[in-house]
Amino acid sequence: MASALSAPAASAVAAAAAARRKAQVFGGGRNDGRAGCRVGIARKNTGHIAMALTVHASRFEGVSMAPPDPILGVSEAFKADTSDLKLNLGVGAYRTEELQPAVLNVVKKAEKLMLEKGENKEYLPIEGFAAFNKATADLLLGADNPVIKQGRVATLQSLSGTGSLRLAAAFIQRYFPDAKVLISSPTWGNHKNIFNDARVPWSEYRYYDPKTVGLDFEGMIADIQAAPEGSFVLLHGCAHNPTGIDPTPQQWEKLADLIEEKKHMPFFDVAYQGFASGSLDEDASSVRLFVKRGLEVFVAQSYSKNLGLYAERIGAINVICTAPEVADRVKSQLKRLARPMYSNPPIHGAKIVANVVGDPTMFGEWKEEMEQMAGRIKNVRQKLYDSLTAKDQSGKDWSFILSQIGMFSFTGLNRTQSDNMTDKWHIYMTKDGRISLAGLNLAKCEYLADAIIDSFHNVN
């Protein structure tokens with residue numbers, strides 16, 4: 001009969017057994033090269049049990065913690081704030097006057113139609129849903145545009161604006177490896193990430209003038225002029241993000257002259273067509289100007305804002321070429337790049353867009369809803385300006401608020417002042433001073449004005 005272990009020994013055995021169970025749970029216990037722990041038990045002359053614990057280092061030891069996303073991280077901080085005063089003006093997503101997310105009525109109708117048809121969920125081709133590709137090119141360029149009739153547009157459905165930009169970046173890296181992309185200073189926070197990930201070199205051109213809180217057009221022209229011939233110039237088609245400052249029609253003409261003269265390639269990011277001014281045609285006028293001149297043009301599109309399809313990830317990359325055979329070759333190579341990247345795009349959002357744009361009644365309803373969304377943002381912009389002007393007795397000119405367009409306003413607040421907006425006033429925004437007016441309502445305008453005035457005048 002086996003002798004009983006001493007109390008210390010029994011305790012050690014129990015601990016060893018627990019360690020074995022833990023090792024099995026966490027993948028250790030065997031010397032198989034995986035991260036985990038291995039427990040050994042040895043009996044000494046004293047009758048006590050000794051344990052030897054060996055910890056194997058993780059293969060991921062060299063992986064550091066990534067910093068929070070500067071835009072999406074704002075929403076996480078907002079959610080953690082328990083104040084009743086809190087206001088989220090960080091992420092560019094439309095809210096109702098009650099500050100709630102909105103699904104457009106026309107989207108609900110399109111989805112109901114899809115459900116009634118009982119359509120399947122088969123894979124789309126690599127280039128996406130054909131009816132969507134036709135609708136999106138028509139919407140961007142105008143259905144009667146000669147480049148469409150002549151078959152000179154290569155269109156691929158992609159994963160909203162981000163995916164479309166990323167696909168184009170991969171194309172640039174493969175077929176224009178020596179080219180540089182020129183990006184406005186400032187720009188949307190993800191632009192640089194996209195080109196960095198694609199290993200496409202970029203540099204900045206001047207855009208924002210902090211002295212006037214307006215466009216530094218002379219600096220913009222000078223930097224594009226100085227760039228190497230054949231550079232890609234990334235332009236915001238309308239409602240520049242983050243500034244809300246767009247060139248005038250005359251300035252767009254001068255930009256087209258210069259880009260044509262320097263043999264640069266215009267690359268438009270069109271994220272707000274119809275959502276900025278309320279007019280689909282007006283918001284596409286910059287792109288159509290360059291296309292009318294016969295230039296080859298890249299255009300990334302998104303339907304997150306103008307149809308509220310944020311989670312559907314629906315957009316497109318369009319390349320306007322000089323001839324149909326060129327467009328065919330470009331499209332074939334875009335498909336080749338898309339295949340190993342995401343294989344083929346999702347179908348749900350594509351069918352919503354195709355149904356809405358392809359049906360005259362729903363198309364008209366969509367334009368009405370877009371005008372209402374754009375109108376609400378314009379009303380909020382006006383109320384904020386009125387509140388700032390009435391409350392600020394310093395004589396500061398706040399009229400730049402009204403000269404900006406779209407869902408964003410660039411307040412001119414620096415990082416420290418933006419921190420004060422959050423720390424003292426519970427207003428969440430990006431650290432470059434951008435606020436999303438789409439997340440503001442009329443009832444909160446005076447509170448926001450108080451916070452901006454305090455931060456601007458009392459925080460250095």
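**Helix H14 and its surroundings: a quick tour**

Helices H13 and H14 are roughly perpendicular to each other. That is where I'd like to start. One caution before going on: this is a predicted model.

So what does the crossing look like? Helix H13 covers residues 348–358. The axes of H13 and H14 come within 5 Å, and they cross at roughly 100°. An angle from 65 to 115 degrees counts as roughly perpendicular, and that is why the pair gets this label. From H13, the contact uses Asn355, Val356, Val357 and Gly358. From H14, it uses Pro360, Met362, Phe363 and Trp366. By type, that is 6 nonpolar residues, 2 polar and no charged.

Let's stay on H14. How many residues does H14 have? It has 32. From first C-alpha to last, H14 reaches 47 Å. At 1.5 Å a residue, 46 Å would be expected, so the two values are close. Look at the start of H14 too. There, a side-chain oxygen of aspartate 359 comes to within 3.0 Å of the backbone nitrogen of threonine 361.

H14 has another partner, helix H3, residues 105–117. The axes of H3 and H14 come within 8 Å and cross at roughly 150°. Angles over 145 degrees count as roughly antiparallel, so H3 and H14 are roughly antiparallel to each other. On the H3 side, the contact is made by Asn105, Val106, Lys109, Ala110 and Leu113. On the H14 side, it is Met362, Glu365, Trp366 and Glu369. Here the split is 5 nonpolar, 1 polar and 3 charged. Met362 and Trp366 of H14 are listed in the H13 contact, and both are listed in the H3 contact as well. A word on helices in general: with 3.6 residues a turn, residues three or four places apart point the same way.

Step back for a moment. The protein has 17 helices and 15 strands. Of its 460 residues, 50% count as buried. Now take contacts between residues at least 6 apart in sequence: 72% of them join residues at least 24 apart.

Next, helix H17, residues 445–458. Its 14 residues should span 20 Å at 1.5 Å a residue, and its end C-alpha atoms are 20 Å apart, so the two agree. The buried residues in H17 include Cys445, Tyr447, Leu448 and Ile452. What covers the buried residues? The cover includes H14 again, along with helix H16 and strands E14 and E15.

Aspartate 454 sits in H17. Is aspartate 454 buried or exposed? Its relative accessibility is 11%, so it counts as buried. Its side chain makes a polar contact of 3.1 Å with the side chain of asparagine 420. Beyond its sequence neighbours up to four places away, aspartate 454 touches Asn420, Lys424, Trp425 and Val459.

Now the loop between strands E11 and E12. Serine 304 lies there. At 5% relative accessibility, serine 304 counts as buried. Which residue does its side chain meet in a polar contact? Serine 160, at 3.2 Å, side chain to side chain. Setting aside neighbours within four places, serine 304 is in contact with Ser160, Leu309, Tyr310 and Arg313.

Tyrosine 310 is in that loop between E11 and E12 too. Tyrosine 310 is partly exposed, at 25%. Gly92, Ala93 and Tyr94 are among its contacts. Tyrosine 310 is also 9.6 Å from glycine 349, C-alpha to C-alpha, with their positions 39 residues apart in sequence. Arginine 313 is in the loop as well. Its phi is positive, about 50°, although it is not a glycine. At 32% relative accessibility, arginine 313 counts as partly exposed.

Last stop: the loop between strand E5 and helix H7. Proline 186 is there, and the peptide bond leading to it from serine 185 is cis, with omega near 5°. Glycine 189 lies in this loop too. Glycine 189 and isoleucine 71 are 118 residues apart in sequence, yet 7.5 Å apart in space, C-alpha to C-alpha.

Methods. Residues are numbered from 1 along each chain as its sequence is written. This is a predicted model: local features need pLDDT of at least 70, side-chain atom pairs count only at pLDDT 80 or more; totals for chains, interfaces and linings use all residues. Side-chain values use heavy atoms; hydrogens and water are left out. Helices (H or I, at least four residues) and strands (E, at least two) are DSSP runs, numbered from the N terminus. Buried means under 20% relative accessible area, exposed over 50%, partly exposed in between (1.4 Å probe, protein chains only). A polar contact is a pair of N or O atoms within 3.5 Å; within protein, one must be able to donate a hydrogen and the other to accept it, and residues adjacent in sequence count only if both atoms are side-chain atoms. Contact means heavy atoms within 4.5 Å. Axes are lines fitted to C-alpha atoms, for helices over the stretch in contact, and angles run from 0 to 180 degrees between N-to-C directions. Angles under 35 degrees count as roughly parallel, over 145 as roughly antiparallel, 65 to 115 as roughly perpendicular and the rest as oblique. Ala, Val, Leu, Ile, Met, Phe, Trp, Tyr, Cys and Pro count as nonpolar, Asp, Glu, Lys and Arg as charged, and the others, Gly among them, as polar.
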